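Let's take a walk through this protein model, going from charged contacts to strands, rings and pockets. Keep the viewer open as you read.

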Amino acid sequence: DTDIQRVGLLDNGSIQTPGVLSGLVGWYQYGPTPGEKGPAVLVGHVDSYKGPSVFWNLSKLKANDILSISREDGTTVQFSVTQIVQYDQDNFNTEEVYGNIDFAGLRVITCGGTFNHITGHYSKNTVVFATMIL
């Protein structure tokens, strides 16, 4: 349960994330808003050097768990988790995660796998796929 900020793209083409210590979730503002047709994308950190962050427990979600998102217009939309997938960061399935869909979907993305203390990066990305429920 946290605030959502708009994020865009970095110069290298990857999605911007909120500040590592902000505890915020980022919504990719150039895609659909949660509840609109297409894959709305939310990103956030799993942890930082100070400890767990906003998506620390994301990988514990299971199919059929419900995610609720409060929209700027004051409405709330709910999504049912369909699957949780871990992708190698060096082999991320861009089309499956960001590709067009003909329904209101949600992609929630954070880091996962093993943390490399030398590079300062995780080996995987955890992606939660969800579909809007009426």
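Start with the charges: counting side-chain pairs gives three salt bridges. Keep in mind that you're looking at a predicted model, and that such side-chain atom pairs count only at pLDDT 80 or more. The general idea is simple enough: side chains of opposite charge can pair when their charged atoms come close.

One of these bridges joins R6 and E72, with 3.1 Å between the closest N and O atoms. It's a link between distant parts of the chain, since R6 sits in strand β1 (residues 4-7) while E72 is in the loop between β6 (66-70) and β7 (76-88), 66 residues apart. How open are the two ends? R6 has a relative accessible area of 45%, so it falls in the partly exposed class. E72 reaches 73% and therefore counts as exposed, the cut-off for that being over 50%.

Next, look at R71 and D73, whose side chains meet in a salt bridge at 3.4 Å, N to O. R71 is partly exposed here, at 25% relative accessibility.

The remaining bridge to visit is K124 with D88, where the N to O distance is 2.6 Å. K124 belongs to strand β9 (residues 121-133) and D88 to strand β7, so this contact ties together parts that are 36 residues apart in sequence. Both ends are partly exposed: K124 has a relative accessible area of 26%, and D88 has one of 34%.

Now for the strands. β2 (residues 25-28) is a good place to stop, because V25 and W27 point one way while G26 and Y28 point the other, yet all of them are buried, meaning under 20% relative accessible area. What does β2 pair with? On the β1 side, the pairing is parallel and runs over four bridges, and I4 stands opposite V25. With strand β3 (residues 38-43), β2 pairs in the antiparallel sense over two bridges. There, W27 has L42 as its bridge partner.

On to the rings. The structure has four aromatic pairs. Among them is F92 with Y98, a tilted pair with 5.8 Å centre to centre and 40° between the planes. The tilted label applies because 40° is neither under 30 degrees (stacked) nor over 60 (edge-to-face). Ring pairs also link Y87, F92 and Y98 into a cluster. Y98 is partly exposed, at 32% relative accessibility.

That leaves the pockets. The largest pocket holds about 790 Å³ of space. Its lining has 24 residues, and T2, I4, L42, S68 and I69 lie nearest the centre. You've already met I4 opposite V25 and L42 as the partner of W27. Elements that give two or more residues to this lining are β1, β2, β6 and β8 (104-116), and β6 gives the most, with four. Sorted by class, the lining has 13 nonpolar, six polar and five charged residues.

The second largest pocket has a volume of about 670 Å³. It is also lined by 24 residues, with T17, H45, Q89, C111 and N125 nearest its centre. Here β4 (47-48), α1 (94-98), β8 and β9 each give two or more residues, with β8 giving the most, at four. The classes in this lining come to 11 nonpolar, 12 polar and one charged.

Definitions and conventions
Residues numbered from 1 in each chain as written. Predicted model: local features only at pLDDT ≥ 70, side-chain atom pairs only at ≥ 80, totals over all residues. Heavy atoms only, no water. Phe/Tyr/Trp six-rings, centres within 6.5 Å; stacked < 30°, edge-to-face > 60°. Buried < 20%, exposed > 50% of the residue type's maximum accessible area, 1.4 Å probe, protein only. Salt bridge = Lys/Arg side-chain N within 4 Å of Asp/Glu carboxyl O. Pairing = 2+ DSSP bridges. 1 Å grid on protein atoms, 1.4 Å probe; cavity = no way out; pocket = protein on both sides within 12 Å on 5 of 7 lines; lining within 4 Å. Points joined across faces, edges and corners; volume = space filled by probe spheres on them. Nonpolar A, V, L, I, M, F, W, Y, C, P; charged D, E, K, R; others polar.
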